[in-house]
Amino acid sequence: MTHSLHREGTIESLEKDYAVFIYPARGYNYKGKGLNVRRLVEIVYQVGPANMIASTLRENLYSGVQPEAVLDSIKDGARVYTVYNSRDKIRNLLKLFKEADQGISIVVSGLIDRVRDIAAEAGLNPHTINLSLGIQGATHRLPPADIRQFTTMCGHAQVSPNLVKDIIRKVKTGKVDTWEGSLILAKPCACGIYNPHRSQEMLEDMSSQYMVTRW
Amino acid sequence: MIVNKELCVGCGRCQPYCPAEAIHYEDQKSVVDQDICFECGTCLRSEVCPVDALFEPLHIYEYPRAIRKFFSDPASTHKGTGIQGRGTEESKTNDVTLRCGPGQVGVAIEVGRPTLGMGLRDIQEITRALAQSGYFEIEPNNPVNSMVLNHETGDLKPELLDERILSGIIEMTIQKERLPGLLQVLKKVIPELGSVFMLDVVTLLEDGLTIPAYVLDVIKSEGFNWRPNAKINMGLGRASE
């Protein structure tokens, strides 16, 4: 999850991409807080996430799992990972979180300047920042930056560069459309913060630029 | 991960799912290169094999091979921390725990990220450099801590050195005055690495999501830059236990 601060892409694209974490702290507010987390998850659904997963039921938003099943799975210590694709939604979400006042840590990953504005609009004063100083080391071994726009939406590197290329090939050859391809790419992400809406836009932009090879 | 050759029909559907490019054709069947495989389980979870030929043999849960699983499969829970993921709760709960408090900065070295993974020998290059410079103050609950043989030298347990993991996070909290020295140590070790890491700096914010000037000045003066996106704790948590 830490890796959400390292999502790559253009500023225009990252403006439609805000990962949000609901995170009780072990030893501080785990015990007896399941219902508080559940209330926050109800708000998550109310605002309309682009994707989400609860640590207690590792099925993403597009797996067919029903909200009731996710809510019923929430217990003490449950953590929830979600992503939103608009500034209006994230502002609304944070306002509702503030009003709900459940005492559970909330983290937003996104463009610093935008989050600053959104926090002010929601009446929040953020506490701590985790800055990314980028990739260090043998960067020549990395896949190209346009492929990393997709792969870095999964912090644990479960969305492989070859799968991105395979989906681009399938989009170009008409085997899947850009939304279907994005859902395939979202599936390996065990944290549910792969944003298929952003992915769809990137596939539409990129598919014309790639040659059709095996991958 | 292993492919049952008796069952495999050679369709190759599993191959693009592998983040390590460990699955390839051999005699028209898919096989997993055991040296390269991180045991992340991505191919199995994808459920694309039409004949259920992919399976996890029991030995992947035996030490030292098990370290691949715990550090590469986000669905597995590390025994030491009880946390899914490769780090601890770090900045995500800092409004409650204040693990990184006034006058301090947190530093996270996300080894192997993004995508490439890292061998333990490369990780040892980093831990040795940190230890020999007096900066190896790894969080006790950090999963990487379980790999360490000697905190004074930074040596990792020798039986682990041939293993490789998709991601691990070396997390430390230090007094802010020590940040320049720590960044200088990392700059020296970077050219020696065969893989990559991502670098994070954690700090308390001033009012209005203002990043302390000292932290930004140190980052710039040591030749690093910060990216336009970041992970931000919104300050809504509180302790109740």
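Biologist: What does the accessible surface of chain B come to?
Modeller: In this predicted model, about 9500 Å² of chain B is accessible. Carbon and sulfur atoms hold 49% of that area.

Biologist: And what about chain A, how much accessible surface is there?
Modeller: About 7700 Å² for chain A, with 47% belonging to carbon and sulfur atoms.

Biologist: What share of the residues is buried in each chain?
Modeller: In chain B, 61% of the 241 residues are buried. In chain A, the figure is 60% of 215 residues.

Biologist: Now the fold. How many helices and strands does chain A have?
Modeller: Chain A has nine helices and five strands.

Biologist: In what order do they run?
Modeller: Starting at the N terminus of chain A, the order is α-β-α-β-α-β-α-β-α-β-α-α-α-α.

Biologist: And chain B, how many helices and strands?
Modeller: Six helices and twelve strands in chain B.

Biologist: Back to chain A. What radius of gyration does it have, and what would a compact globule have?
Modeller: Chain A has 18 Å. A compact globule of 215 residues would have a value near 17 Å, so the two agree. The C-alpha trace of chain A spans about 55 × 35 × 30 Å along its principal axes.

Biologist: What are the spans for chain B?
Modeller: About 60 × 40 × 35 Å, again for the C-alpha trace along the principal axes.

Biologist: Different topic: charges. How many positive and negative side chains does chain B have?
Modeller: Chain B has 24 positive and 34 negative ones, and the centres of the two sets are 2 Å apart.

Biologist: How far apart are the mean positions in chain A?
Modeller: They are 6 Å apart, for 27 positive and 22 negative charges.

Terms used
Residues are numbered from 1 along each chain as its sequence is written. Chains are lettered from A and ligands numbered from 1 in the order in which they are written. This is a predicted model: local features need pLDDT of at least 70, side-chain atom pairs count only at pLDDT 80 or more; totals for chains, interfaces and linings use all residues. Side-chain values use heavy atoms; hydrogens and water are left out. Helices (H or I, at least four residues) and strands (E, at least two) are DSSP runs, numbered from the N terminus. Buried means under 20% relative accessible area, exposed over 50%, partly exposed in between (1.4 Å probe, protein chains only). Accessible areas come from the Shrake-Rupley method with a 1.4 Å probe; for residues, only the protein chains shown count as cover. Lys and Arg count as positive and Asp and Glu as negative; His and the chain ends are not counted. The place of a charge is taken as NZ of Lys, CZ of Arg, CG of Asp or CD of Glu. The radius of gyration is taken over C-alpha atoms; the globule rule is 2.2 Å times the number of residues to the power 0.38.
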